[in-house]
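Let's take a walk through a protein model, one part at a time. Have the picture open while you read.

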Amino acid sequence: MGAAPRVLDVGGHLAEAALVGRLQHPNVVQVFDVGEHEGALFIAMELLSGKSLKQELEATGRLDLPTTRALLGQIGKVGRLHKSSVEQ
């Protein structure tokens with residue numbers, strides 16, 4: 001038996017992407033547009049420079065404690081921002 005196919009909540013994902021597009025915060029990527037073109041969904045967002053967390057961990061093996069604390073603090077801020085924007 002194969003795995004059941006995944007069903008995506010496309011409308012919900014597009015609505016969430018549109019919501020993110022209204023946010024203005026230094027820790028949130030800017031979303032310029034969301035939609036569908038010729039049957040394909042898209043999200044157009046700003047291009048960021050630098051390393052991904054995965055690349056950093058592959059290069060260093062681990063993050064030092066101050067960097068980890070700072071990163072977790074930023075993740076918490078983005079989570080609170082997300083929650084407050086969804087509740088509005």
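Here is a short report, going from the whole chain down to single side chains.

## The big picture

First things first: what you see is a predicted model. The chain is built from three helices and two strands. Read from the N terminus, the order of these elements is α-β-β-α-α.

How much of the chain is buried? Of its 88 residues, 11% are buried. The accessible surface adds up to about 7,400 Å², and carbon and sulfur atoms account for 59% of that. There's also a number for how the chain meets itself: take the contacts between residues at least 6 apart in sequence, and 27% of them join residues at least 24 apart.

## The hairpin

Now find the two strands. β1 covers residues 31-37 and β2 covers residues 40-45; they run antiparallel, with six bridges joining them. If you want one pairing to look for, try G35, whose bridge partner in β2 is F42.

What sits between the strands? β1 and β2 make a hairpin with two residues between them. One residue in that turn, E38, has a positive phi of about 50°. While you're looking at the strands, here's a general rule to keep in mind: in a regular strand, side chains alternate between the two faces of the sheet.

## A nonpolar patch on the surface

Next, move on to the helices. Which residues make the nonpolar surface patch? They are L53, L57, L71, L72 and I75, and the patch has an area of about 440 Å². Both α2 (53-60) and α3 (65-87) supply at least two residues each, but α3 gives the most, with three.

L72 is a good one to zoom in on. This leucine belongs to helix α3, and it counts as exposed because its relative accessibility is 56%, while the cut-off for exposed is over 50%.

## One salt bridge

Side chains of opposite charge can pair when their charged atoms come close. How many salt bridges does this structure hold? Just one. It brings together the side chains of E56 and K51, with a distance of 3.4 Å from N to O.

Are the two partners buried or exposed? K51 has 57% relative accessibility, so it counts as exposed. E56 has 25%, so it counts as partly exposed; that label goes to values between the buried limit of under 20% and the exposed limit of over 50%.

Note on methods: Residues are numbered from 1 along each chain as its sequence is written. This is a predicted model: local features need pLDDT of at least 70, side-chain atom pairs count only at pLDDT 80 or more; totals for chains, interfaces and linings use all residues. Side-chain values use heavy atoms; hydrogens and water are left out. Two strands pair if DSSP finds at least two bridges between them. Helices (H or I, at least four residues) and strands (E, at least two) are DSSP runs, numbered from the N terminus. Patches are made of residues with over 30% relative accessible area and no salt bridge: like charges are joined within 9 Å, nonpolar side chains (Val, Leu, Ile, Met, Phe, Trp, Tyr) within 5 Å. Accessible areas come from the Shrake-Rupley method with a 1.4 Å probe; for residues, only the protein chains shown count as cover. A salt bridge is a side-chain nitrogen of Lys or Arg within 4 Å of a carboxyl oxygen of Asp or Glu. Buried means under 20% relative accessible area, exposed over 50%, partly exposed in between (1.4 Å probe, protein chains only). Contact means heavy atoms within 4.5 Å.
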